[in-house]
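Thanks for asking me to look this one over. My notes are below as numbered points, so you can follow along with the structure open.

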Amino acid sequence: MAKKIAVFASGSGSNFQAIQEAILRGELNAQIELVVTDKPNAFVVERAQNFQIPTFAFQAKNYDSKDHYEREIINQLQEKGVEWIVLAGYMRLIGQTLLSAFPMRIVNIHPSLLPAFPGKDAIGQAIDHGVKITGVTVHFVDEGMDTGPILSQAAVEVVEGDQEATEKRIHELEHELYTNTLKKLFES
Ligand code: GAR
């Protein structure tokens with residue numbers, strides 16, 4: 001049975017697209033039931049529409065608490081029978097409300113070799129630090145920022161003096177690592 005998943009994203013959504021394309025190629029036994037975004041104008045919304053996948057867009061400022069908007073997200077997820085939450089550039093900490101509704105059922109991808117360089121602009125942080133090797137991590141989500149048990153990692157060599165080229169390498173690797181990791185997770 002195809003796993004019913006929701007993808008959460010705040011930005012471009014290239015990881016969302018890579019996952020959906022892997023599903024359409026028959027490489028990942030899953031169905032994206034919903035895209036959740038906290039940025040109604042994010043490019044991921046357009047990508048989701050192109051695949052005719054429904055989106056739920058909210059703005060945190062319209063709610064009095066994280067618990068409040070997460071309860072609304074949970075209603076949407078339950079309505080669609082979602083089993084797994086896949087974070088793909090969702091730039092918000094997941095709260096207790098969602099964590100307890102989906103225990104060990106939320107995964108995230110991060111563009112560094114965690115625990116190095118958590119948080120925003122991980123690629124910039126790594127380059128500023130002068131590392132020669134960085135990479136990508138897929139992990140279960142807990143209450144921390146880019147913490148939680150690691151599922152998979154892969155390394156990328158930094159392209160000296162060319163941040164754009166380094167970013168390109170990382171994003172390409174992300175697309176491959178995320179779909180492969182989800183495949184193993186859903187088959188286990
Ligand atoms: C990805 O590089 C992802 O690893 C990162 O946001 C980007 C989203 O790109 N996530 C984090 O930094 C989480 N802390 P995308 O919107 O093109 O998939």
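1. Let's begin with the ligand. The space that the ligand takes up is the largest pocket. Please keep in mind that this is a predicted model, and that every value in this note is computed from it.

2. Which parts of the fold build the shell around the ligand? At least two shell residues come from each of α1 (14-24), β5 (106-110) and α6 (163-187). There are 14 residues around the ligand, and those that come nearest are Gly-13, Ser-14, Asn-15, His-110 and Glu-174. By character, the residues of the shell divide into 9 polar, 3 nonpolar and 2 charged.

3. Now for the individual contacts, which you can check one by one in the viewer. A backbone N or O atom of Gly-13 lies 2.7 Å from an oxygen atom of the ligand. For Ser-12, a backbone N or O atom is again involved, at 3.4 Å from a ligand oxygen. Asn-15 contributes through its side chain instead: a polar atom there lies 2.9 Å from an oxygen atom of the ligand. As for cover, the ligand taken alone exposes 450 Å², and the protein buries 88% of that.

4. Thr-37 deserves a look too. You will find Thr-37 in strand β2, which covers residues 30-37. Is Thr-37 buried or exposed? Its relative accessibility is 0%, so Thr-37 counts as buried. The side chain of Thr-37 also has a polar partner, reaching the backbone oxygen of Ala-9 at 2.7 Å.

5. The loop between β5 and α5 (122-129) holds Pro-115, and I would pause at the bond just before this proline. The peptide bond from Leu-114 to Pro-115 is cis, with omega near 15°.

6. Phe-117 is in the loop between β5 and α5 as well. What is the sign of phi at Phe-117? It is positive, at about 55°, although Phe-117 is not a glycine. Why does Phe-117 count as buried? The relative accessible area of Phe-117 is 15%, and buried means under 20%.

7. Asp-146 belongs on your list of backbone angles to inspect. This residue lies in the loop between β6 (133-140) and β7. Asp-146 has a positive phi of about 60°, although it is not a glycine. Its relative accessible area is 17%, so Asp-146 is buried.

8. Strand β7, residues 150-157, contains Ser-152. With a relative accessible area of 15%, Ser-152 is buried. How far apart are Ser-152 and Lys-3 in space? Their C-alpha atoms are 20 Å apart, and in sequence the two residues are separated by 149 residues.

9. Two partly exposed residues make a useful pair to end on. Arg-92 is in the loop between β4 (84-87) and α4 (96-101). Its relative accessible area of 27% makes Arg-92 partly exposed, because that class runs between the 20% limit for buried and the 50% limit for exposed. The C-alpha atom of Arg-92 is separated by 9.8 Å from that of Ala-60, a residue 32 positions away along the chain.

10. The other residue of the pair, Gln-76, is found in helix α3 (residues 66-79). Gln-76 counts as partly exposed at 22% relative accessibility. Measuring from C-alpha to C-alpha in your viewer, you should find Gln-76 and Lys-39 17 Å apart in space, while in sequence they are 37 residues apart.

Conventions. Residues numbered from 1 in each chain as written. Predicted model: local features only at pLDDT ≥ 70, side-chain atom pairs only at ≥ 80, totals over all residues. Heavy atoms only, no water. Near = heavy atom within 4 Å. Polar contact = N/O pair within 3.5 Å; in protein donor to acceptor, adjacent residues only side chain to side chain. Areas by Shrake-Rupley, 256 points an atom, 1.4 Å probe, with all protein chains shown as cover. 1 Å grid on protein atoms, 1.4 Å probe; cavity = no way out; pocket = protein on both sides within 12 Å on 5 of 7 lines; lining within 4 Å. Sits in = over half its atoms within 2 Å of the grid points. Helix = DSSP H or I, 4+ residues; strand = E, 2+ residues; numbered from the N terminus. Nonpolar A, V, L, I, M, F, W, Y, C, P; charged D, E, K, R; others polar. Buried < 20%, exposed > 50% of the residue type's maximum accessible area, 1.4 Å probe, protein only.
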